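This briefing sets out selected features of one protein model for readers at the bench. Please consult the sequence and the structure shown below alongside the text.

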Amino acid sequence: MAPPVFHPKGERPPRRPLGIYLQILLGFGGFTLVTVVLLWVFQIALLGPFYQLIKTDQVENTAESVLRQLDQPQEELSQAVEDLCYDTQISILVSDENGRLLAGSFASEKQSPLRAALSQGGLSSQVMLSQLYNDVNLQGGRLEETFPLGQGDSSPQVMLYGRIQRNSSGQARMVLMESEITPVGSTVETLKVQLLCLTGVMVVLGLLLALFIARRIARPIAAINQAAKQLGQGNYAISLEESGTREVTELAQTLNYAAGELSKVDEMRRELLANVSHDLRTPLTMIKGYSEVMRDLPGENTPENVQIIIDETERLTSLVNDLLDLSRLEAGAVPLKKSRFNLTESIRRALTRYEKLADYSFPFYADRDVFVTADQLRISQVVCNLVNNAITYTGSDKTVTLRQTVNDGMVRVSVTDTGEGIPPEKLRDIWERYYKVDKDHKRAQMGTGLGLSIVKNVMDLHGGRCGVESQLGTGSTFWFELPLTGE
């Protein structure tokens, strides 16, 4: 349980975010509500206007089809009108400006206002059509009216549509159309019942689906949340089940990887503290012991004993300096003082300090002197750390070989030992801080065990490269590369 959090007086605590269960439920609830509202609006409130709009569009399209046939002979025009009437169930009449009927067809045998007016025949029909022609003409050649056929809202309506257009001979023609609009009241009542049932079904299904999805998503996320809290408390032994959705699976994989890396770092940190404590204690013990001997025993204040104290002091200084260098390099707090210098000659000078090591040999092969632009002090540090590492692990022949090669504008310096080599699975980690390949290695040699980390950080600062090639039983070759500078 998390400890309570207290806020200053007068300050409102931050609002606690909603849980994933509630967010998914609210999301699905909102989606269901919007869907139901849209269904009611479109199927109930807007059904009549939509039906009216569709009917009007159908009548207009049919009128356009008839108008395109006005230049046809009367027989063909009559046949075209009959076909359109049969296909669209819209009554169609075509007359001239004097009211003379040229073609016509009624959609059904039921009596309609237009059919009733024309059923009188003869002069009365012609007068009625002539009057309609004048009405359409007064409306600018287009007439559209809707009127009921009976009393009450449930009675059908009729749409009367007229258009006047001249044919290619200049003769005026009127196209008159009549379409019945069926009332949608009964349809709306039926849809209301259906929508009530559909609303209930959608609410229940939406709730069940929301619970299922929330359970499927929230459960692994809750487990990941608990594991992350344990990880923050230093428990790196967690192992999450990598299942569920792709994102949740990837998150679990990431946390498992992070836990493994943190566990590795913590283990290496403990080893570093143990190693550093041992490395500090050994020279301090030597310094204290020889100092007490020189104080308590007559004749022990010899140059040899003083030199041992000096050597152990230098070991302490080297260890502390390496620790400080590594810390500053990783923090990016080391400014580089770049200059153009002779890398080959710098390596030769660096090797001179190892001449006092008895029985060790350091052959250096270089076909010519090369120049680079870099921080000379840091590059010398890289060379010395690689040599120190090779001295620590070289074989019984006590030989450390250095080679300088040039290829494609890059110079590579490699340092080879004749030791036991490094297992392939450990090659990737040897550059990491705190890492030590041989945890039981006890040989007291030069170096502090931090050299490879320093090498990698220095090369990263220079934009160079470093690497290692190793084969078990034959030794290892560490190398670094820098771009050449023209002589």
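Which residue forms a salt bridge with Glu64? The partner is Arg163, and the closest N and O atoms of the two residues are 3.1 Å apart. The model is predicted, and the points below cover its sheet, its salt bridges, an annotated region and two backbone angles.

**Sheet and packed helices**

- Five strands form an open sheet in the order 2-1-5-4-3, and their pairing is antiparallel.
- Strand 2 (101-105) and strand 3 (142-148) are the edge strands, each pairing on one side only.
- From one strand to the next, the twist averages 10 degrees.
- Strand 1 (residues 91-96) pairs with strand 2 in the antiparallel sense, over 4 bridges. Ile92 has Ser105 of strand 2 as its bridge partner.
- Helix 2 (residues 47-67) packs on the sheet and touches strand 1, strand 3, strand 4 (157-166) and strand 5 (172-181). The direction of helix 2 makes about 150 degrees with that of strand 5.
- Helix 3 (residues 74-88) also packs on the sheet, where it touches strand 1 and strand 2. Its direction makes about 25 degrees with that of strand 2.

**Salt bridges**

- Side chains of opposite charge can pair when their charged atoms come close.
- The whole structure contains 10 salt bridges, among them the pair of Glu64 and Arg163.
- Glu64 belongs to helix 2 and Arg163 to strand 4, so this salt bridge ties together parts that are 99 residues apart in sequence.
- The two partners differ in burial class: Glu64 is partly exposed, with a relative accessible area of 33%, whereas Arg163 is buried, at 13%.
- Asp369 and Arg348 meet through their side chains in a salt bridge of 3.3 Å, N to O. Asp369 lies in the loop between strand 7 (364-366) and strand 8 (371-375), and Arg348 lies in helix 9 (residues 343-352); the pair links distant parts of the chain, 21 residues apart.
- Asp369 is partly exposed at 27% relative accessibility, and Arg348 is partly exposed at 34%.
- Arg412 and Glu469 form a salt bridge between their side chains, at 3.9 Å from N to O. Because Arg412 is in strand 10 (residues 410-416) and Glu469 is in strand 11 (residues 465-471), the pair ties together parts that are 57 residues apart in sequence.
- Arg412 counts as partly exposed, with 24% relative accessibility; Glu469, at 47%, counts as partly exposed.
- Arg412, Arg465, Glu469 and Glu481 are joined into one network by salt bridges that share partners.

**Annotated transmembrane regions**

- An unreviewed UniProt entry carries the annotation "transmembrane region" for residues 20-42 and 195-214.
- In the model, the chain over residues 195-214 is 100% helix and 0% strand. The end C-alpha atoms of this stretch are 27 Å apart.

**Positive phi angles**

- Most residues other than glycine have a negative phi.
- Lys398, a residue other than glycine, has a positive phi near 50 degrees. Lys398 is placed in the loop between helix 10 (376-393) and strand 9 (401-407), and it is partly exposed at 29% relative accessibility.
- Asp408 likewise has a positive phi, near 55 degrees. Asp408 sits in the loop between strand 9 and strand 10, and with 73% relative accessibility it counts as exposed.

Methods. Residues numbered from 1 in each chain as written. Predicted model: local features only at pLDDT ≥ 70, side-chain atom pairs only at ≥ 80, totals over all residues. Heavy atoms only, no water. Pairing = 2+ DSSP bridges. Helix = DSSP H or I, 4+ residues; strand = E, 2+ residues; numbered from the N terminus. Axes fitted to C-alpha atoms, helices over the stretch in contact; angles between N-to-C directions. Contact = heavy atoms within 4.5 Å. Salt bridge = Lys/Arg side-chain N within 4 Å of Asp/Glu carboxyl O. Buried < 20%, exposed > 50% of the residue type's maximum accessible area, 1.4 Å probe, protein only. UniProt positions renumbered as here; feature names shortened; annotations may be inferred.
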